[in-house]
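Please open the structure in your viewer and keep the selection tool at hand. The tour goes one selection at a time, and each stop says what to pick and what is there.

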2 protein chains.
Amino acid sequence: MSTDEVVLLDFWVSPFCLRAKIALAEKGVAFVEQEEDLFGGKSELLLKSNPVYQKVPVLLHNGKPMCESTIIVHYIDETWPSPPLLPTCPYERARARFWADFIDKKVFEAGGKTWQSKGEEKEVAKKEFLEILKVLEGALGEKDYFGGDSFGFVDIIAIPLTSWFDSCEKFGLFKIEEHCPKFSAWMKRCLKRETVAKVLPNPEKVLEFVTSMRKMHGVE
Amino acid sequence: MSTDEVVLLDFWVSPFCLRAKIALAEKGVAFVEQEEDLFGGKSELLLKSNPVYQKVPVLLHNGKPMCESTIIVHYIDETWPSPPLLPTCPYERARARFWADFIDKKVFEAGGKTWQSKGEEKEVAKKEFLEILKVLEGALGEKDYFGGDSFGFVDIIAIPLTSWFDSCEKFGLFKIEEHCPKFSAWMKRCLKRETVAKVLPNPEKVLEFVTSMRKMHGVE
């Protein structure tokens, strides 16, 4: 394992890159972060490694590139099996994949609308975003983590997205905790975990970034 | 295995349901198709089994429901391992998942636009659709199937969508073969396979269905 070369083409505030970083940390795999300048100019390595989307994250394992964060987390789980992230039972695996897919399809886009919109549109965005979180709160139920007693696949897919939630709340004028107390408790529980705490960006830095994005989108 | 009860909540023309049917046929798993009346009224079983999306396909294995076609194909592959659909090597698995995900995100929606649009919009739709197929043709390269020499995971994800391509060509006024000869050859190769041929709907029936959808969308 010591001869493995693991490189992550990264962008510090991307929740999708954070998924790979948490999964690698959970497995105890050392890796090199290579920060991309997404606004200035993407590296040749990124363009060559992900010609279809030209997006981060890309994980290069001994030079072989993998794209799309959920697929990267699958790869990490299959390449370094201990500790397992996905459950063993096919039915539980299908359920984990279902929620990961739901999160992929819904959360980032709906969250974005809460800080990209104004007036009536913002109200609609806020309502839709909270509805999505309520569905996730239902999936969580009384469990500590999405998969049960231990931190796993769905938690890794979901928790990085919450690093933008402070910004959603600030610009959207709402408090997630008031609507989704169990989901909020899950967030706090995950944030105490070392593999999460050490990689999630400072919420104030995210807020600065989101503020600049709002200017770019012409919201401010 | 003989005590397994496998039920598919189905809609005859859905390419997503076809994925599950082909995967089950590849594994030699007997199952019961339960046709849903998507326009008249969905069954209680569908609403209960897929409360989030209320969509087909749903696979019920000994009463346990699985949703989302690509996740269902994963489940089938993990539950009945022989013959394998996904490759064994984690890197090849990641590549297969990447293309399955690309197909999921792009093909059905882009294909739909070719028969749902008119005039200038149709020209744009046609161009976009063919660009997507060209990317897939590039992924296929000189191989017989997406995974190499044998029919597998990505083929199962992709081939059902082609049952609507006759309709795309007819209403979009183009011929896929003229733009993507290798992709066309792959389609023909797959259509000769028994597990595919026996479940894919008659293109004329699909055309009738698409014609009625065009009326519903106000295109005709």
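The stops below begin with the two chains as a pair, go on to their interface, and end with the two annotated domains of chain A. Please keep in mind throughout that this is a predicted model.

**The two chains together**

Begin by colouring chain A and chain B separately, and ask which rotation would superpose chain A on chain B. A rotation of 180°, with 0.0 Å of shift along its axis, does this with an RMSD of 0.0 Å. That is the relation of a two-fold axis. In general, two copies of a chain are related by a rotation about an axis and a shift along it.

**The surface between them**

Next, select the residues of each chain that touch the other chain, which are 25 residues from chain A and 24 residues from chain B. Of the interface residues of chain A, 96% are also interface residues in chain B, so the copies meet through the same surface. About 2200 Å² is buried between chain A and chain B, and carbon and sulfur atoms give 69% of that area. Show I71(A), Y91(A) and F98(A) as sticks, since these residues lose the most area to chain B, together 26% of what that side buries.

Now look at polar and charged pairs across the same interface. Between chain A and chain B there are six residue pairs in polar contact, and six salt bridges are found across this interface. Which elements of chain A give two or more residues to the side that touches chain B? They are β4 (64-67), α3 (69-79) and α4 (90-116) of chain A, and the largest share, 11 residues, comes from α4(A). If you colour this side of chain A by class, you will find 14 nonpolar, three polar and eight charged residues.

**Two salt bridges to pick out**

Side chains of opposite charge can pair when their charged atoms come close. The structure holds 28 salt bridges over all chains, and two that join chain A to chain B are worth selecting here. For one of them, select E68(A) and K105(B), whose closest N and O atoms are 2.5 Å apart. This pair runs from the loop between β4 and α3 of chain A, where E68(A) sits, to K105(B) in helix α4 (residues 90-116) of chain B. For the other, select E78(A) and R97(B), whose side chains meet in a salt bridge at 3.0 Å, N to O.

**Backbone details in chain A**

Most residues other than glycine have a negative phi, and most peptide bonds are trans. Stay with E68(A) for a moment, because its phi is near 75°, a positive value in a residue other than glycine. Then move to V56(A) and P57(A), which are joined by a cis peptide bond with omega of about -5°. P57(A) lies in the loop between α2 (44-49) and β3 (58-61) of chain A. Another cis peptide bond goes from S82(A) to P83(A), with omega near -10°, and P83(A) is found in the loop between α3 and α4 of chain A.

**The two annotated domains**

Finally, select residues 4-84 of chain A, where an unreviewed UniProt entry places the feature "domain: GST N-terminal". This span is 37% helix and 21% strand, and its end C-alpha atoms lie 19 Å apart. Then select residues 89-209 of chain A, where UniProt, again in an unreviewed entry, places "domain: GST C-terminal". Here the span is 74% helix and 0% strand, with its end C-alpha atoms 41 Å apart.

Key: Residues are numbered from 1 along each chain as its sequence is written. Chains are lettered from A and ligands numbered from 1 in the order in which they are written. This is a predicted model: local features need pLDDT of at least 70, side-chain atom pairs count only at pLDDT 80 or more; totals for chains, interfaces and linings use all residues. Side-chain values use heavy atoms; hydrogens and water are left out. UniProt positions are given in the numbering used here, feature names are shortened, and annotations may be inferred rather than shown by experiment. Helices (H or I, at least four residues) and strands (E, at least two) are DSSP runs, numbered from the N terminus. Contact means heavy atoms within 4.5 Å. Buried area is the accessible area (1.4 Å probe) that two parts lose on being put together, summed over both. A salt bridge is a side-chain nitrogen of Lys or Arg within 4 Å of a carboxyl oxygen of Asp or Glu. A polar contact is a pair of N or O atoms within 3.5 Å; within protein, one must be able to donate a hydrogen and the other to accept it, and residues adjacent in sequence count only if both atoms are side-chain atoms. Ala, Val, Leu, Ile, Met, Phe, Trp, Tyr, Cys and Pro count as nonpolar, Asp, Glu, Lys and Arg as charged, and the others, Gly among them, as polar. Copies are superposed by least squares on the C-alpha atoms of residues with pLDDT of at least 70 in both.
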